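Visitor: I'd like a close look at one part of this model, please. Take me through it slowly.

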Amino acid sequence: MNSGRKPPTALLPSDRADATVEVLLPLPLYGTFEYRAGDGGPLSGGRFVQVPLGNRQAIGAVWGAGSESVAGDKLKTITRAFDAPPLPPVSRRFIEWVAAYTVHPPGAVLRMAMSVPAALTPPSPNAAVTMASDPPDIRWTAERRRVVEAAEGLPRPAAELARTAGVGPGVVAGLVKAGVLVQTALPAGVIEAPDPDRPGVALTPSQAAAAGALRDAARRGYSVNVLDGVAGSGKTEVYFEAVAETLRQGRQALVLLPEIALGAQWLDRFRLRFGAEPAEWHSELGHGYRRRTWRAVAEGAAPVVVGARSALFLPFPNLGLIVVDEEHDTSFKQEDGVAYNARDMAVVRARLGDIPAVLVSATPSLETIVNAQAGRYHRIHLPDRHGTAASPPIEVVDLRRDRPPRGGWLSPPLRAALAETVGRQTQALLFLNRRGYAPLTLCRACGHRIQCPNCTTWLVEHRLLARLQCHHCGHSQPIPVVCPNCRASDSLAGCGPGVERLADEVASLLPDARLALATSDTLTGPAAATELVRRMEAHEIDVVVGTQIVAKGYHFPLLTLVGVVDADLGLSGGDLRAAERTWQLLVQVAGRAGRAAHPGRVILQTHMPEHPVIAALAGGDREAFLAAETSARRSAGLPPFGRLAALIVSDRIEANADRAARLLARQAPQHAGVRVLGPAPAPLAVLRGRHRRRLLVMATKEVAVPALVRRWLEATPLPRSVRIQVDVDPYSFL
Ligand code: ADP
Ligand code: ZN
Ligand code: ZN
C-alpha cells in the first residue's frame, strides 16, 4: 500500500507495458494500491478497473500514476478495465475533499460513488424489447394485448414490461418468439429529455424576479443562492426555472430532497413543467433502475436527477446546478459510516465544479442565514404566499390552565377545534414527535422501567405490533405479561403519549372520523408517502396523526387545522440545535394548514408559553427568534460561530473503551483556539452492545479541525477492538 498519493492526472504515460498505476479501492483503508497497467493500453485517471486483491478480485478506480518504486515483479497486473465512462476529475477531487473533511478514508467515500458496480458493465445489446416494425398476425389473448399496449414508447427490459402489463415473463417471451416484439439495446438515456421551454405557471412579479436571479446564476459559475420563502410561496416553481436554464445550457441538474418528500406530488409537478420524468435516486428503487440510472448519469444521458442525499455522489460528467430543497432538514445529515451533511457537501461540490447551488427552505438553517448575512451566500426572498391563502395565525394553549381530561393529551380548545374541523368536512393534522404508543413502560407495583438490553434507553411500546422496541438499536421484544422485576401481573402501564395513543384518543373523541398514522413506521418510503397523499387528496382521511415526517413539503388543500400536541418536546434536550429545530418544525407544520382556499388554524399546546421559541412562534416573529438564537450561539462559541467535532470511542468491553478514551484525551491537541471536552459517557452510554465514550472538540472558526483530528488519531495508536467514529459538525448528540 502506498499512502504517498500523487495528484490525479488526466492521461497517464503508460504506453509501456511495465507502467504502473495507483488504484483506489472502495474500502475503508487509507492509501491506494499500485498495479501494473498491463498491455491493455493507456489507462486514464478515473478509469474503473478490476484488480487482484489477495486471493480475490476487487473493483476500483485508477487514481494516479504509479511510483514504479516497488520492485517490478512483485506487482500484480490489472485484470481488466471496464467499458464505462471514467470517474470525472471533479468527482475525484470531490471524493478526496469529502474524505479529508469528514476524516474518513477516500476509499470509504469512493464506495458511495460506486454504489452499483454492475453499472460498470455495459448493458447487453439485447437488454430491452420493443415492438417489431411489422408484427406478424398472431392469436391474440387479453394478456398479449396488454403487453402490446404497454410496449408503446421507448424500449424496456422484458421483466419491466411484463410487470407494467401485469403478466408473467412467459407472455413477453412468447411475443418475442412470435416476432411481435424484438430484442434491442436499452436506449442510452433512461429518460425522455425534459423540455425547458414548455410554458410553466404564470409567475407573480416577485416570483419572476426570483426566477430571473436564479436564471442569471445558472449562466455563471460558482455561487450559493438561498431561496427563502414561506410554504406555498412558489419556491418549487421558481427553482424549476433555474433547472430549465441549466438544461438550455446543455448541462445536468441535480435536485436533492429529503427522501420522504420525493413522492408523486413533486414528480407530478416536474412532469407538468418539463413534460418528462426526471431520473430518481433513492433507497426504494430496484437494482435494475439504479443500474441504468447510474450509467445514464455517467454517460451524461440523464439531464435531471432528483434524489436523496446519496445522489450527490453520482458520477455527473457535466453537472451545471445543484438544488437542495428543504435545506434545513436534518435528514441530509448522514450519521453512519462517512458522517457528512449533504447540504454542506453540495456547496463544496458546486465550488469544485464551479457551478451554482440553490438552497431552498421556508426556515433556512442558522448556518445558511449567517452565511447569507456575511455575504457569502446570496439571499433571494419570496415574500408572499401564492394566491389568496394567508399564513394562519398561531393560537397558544397554556396546558397549565387548559388541562386535557384525565388520561388524555388533547386540551379542551384543541378538542373543540378538531370536532369543528371534521364537522365542516375539512381535514386536521395532529403533530407529535413520538413514534409508538407510549415512550416508557413502567411497573405500577415496583416502579421498574423496561430498558433496552443493548442501550441506555427505555423501550418504546408499539401497540400495533404488540412489541416493545428500542429506537436506537432496533431491539424488539414482545410486551411482557408480568413485570420482569417483581413478577406482578397486570402491573405494566405505558407512560406518556406516542402517536398511536393519540390516535386512540381521537378515535374515542370522534368515533366516525377516519384516521391515518404517519410515522417512519407507516411511511417507509416514497411509495407509502405517495399513497398517503392520494388518500388525503381524495378526502379518505379526516385526521392525520403524525411525527416530523409529515412536516415536509406536502400540499393538502383541505387541511385547515394543525394541532401541535406538545410544542415543548425538543426544547429541553441537551442538543445545541434543539430550539432551532423546534422552531423549524413548528413553522413547517403550521405551513401545512390552510394552503388553499380554506383558511387555516394552528393550535400549539405548551407548558411554557413564555419560552422565547414559543413566544416568537406565537408572535409570528421570525427575526426575533433568529436574533435570540444567533446571540446565544455566538456567545457560547457554538456553530455556526465555532466548530465542533465529536469522537465516539467504543468497545464491547467497558474498561477498554475507558482506557482508549483517556489515552486520546491525554494526547489531545494543544492548539490555540481548541478545547477538547471529555471523555464522558456518550448520552447513550451503551449502544448496540458497545460501550461508548465521547470526546468533543470545540474550536474557533479559523481552526482546520479535520486535519487536527486526523493528526491526533494517527499519533494515538489504539487496540484493534476499539472503534472510533469521527463526526465533524455533529447534529445528533446521542
Ligand atoms: P413552496 O415550494 O414555496 O412551498 P410551491 O412552489 O410548492 O411553493 O407552490 C405552492 C402551490 O402554489 C403549488 O401548487 C404551486 O403549483 C402553486 N403556485 C405557486 N406559484 C404559482 C403561480 N404563479 N401560479 C399558479 N400556481 C402557483
Ligand atoms: Zn414490577
Ligand atoms: Zn437499544
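Is Cys483 buried or exposed, and what is its relative accessibility?

Guide: Keep in mind that this is a predicted model. Cys483 counts as buried, because its relative accessibility is 0%, and the cut-off for buried is under 20%. Cys483 is also one of the residues that hold the zinc ion (ligand 2): the coordinating atoms are the SG atoms of Cys443, Cys446, Cys483 and Cys486, at 2.2 to 2.4 Å. Along the chain, those donors follow the spacing C-x2-C-x36-C-x2-C. The long gap in that pattern is worth tracing. Cys443 sits in strand S19 (residues 440-443), while Cys483 is in the loop between strand S22 (476-478) and strand S23 (492-495), so the pair links distant parts of the chain, 40 residues apart. Cys443 is buried too, with a relative accessible area of 2%.

Now for the geometry. The angles among the 4 donor atoms of the zinc ion (ligand 2) run from 108 to 111°, and the site is tetrahedral. For comparison, the ideal angle for four tetrahedral donors is 109.5 degrees.

While you're here, have a look at ligand 1 as well. There are 16 residues around ligand 1, and Gln207, Gly232, Lys235, Thr236 and Arg269 come nearest. Helix H7 (residues 235-248) gives the most to that shell, with 3 residues. By class, the shell has 5 nonpolar, 7 polar and 4 charged residues. As for polar contacts, an N or O atom in the side chain of Thr236 is 2.7 Å from an oxygen atom of ligand 1, and a polar backbone atom of Gly234 is 2.9 Å from an oxygen atom of ligand 1.

Technical notes
Residues numbered from 1 in each chain as written. Chains lettered and ligands numbered in written order. Predicted model: local features only at pLDDT ≥ 70, side-chain atom pairs only at ≥ 80, totals over all residues. Heavy atoms only, no water. Near = heavy atom within 4 Å. Polar contact = N/O pair within 3.5 Å; in protein donor to acceptor, adjacent residues only side chain to side chain. Helix = DSSP H or I, 4+ residues; strand = E, 2+ residues; numbered from the N terminus. Nonpolar A, V, L, I, M, F, W, Y, C, P; charged D, E, K, R; others polar. Donors = N, O, S within 2.8 Å, 3.2 Å for Na, K, Ca; no water. Tetrahedral: all angles 85-135°; square planar, octahedral: opposite > 155°, others 65-115°. Buried < 20%, exposed > 50% of the residue type's maximum accessible area, 1.4 Å probe, protein only.
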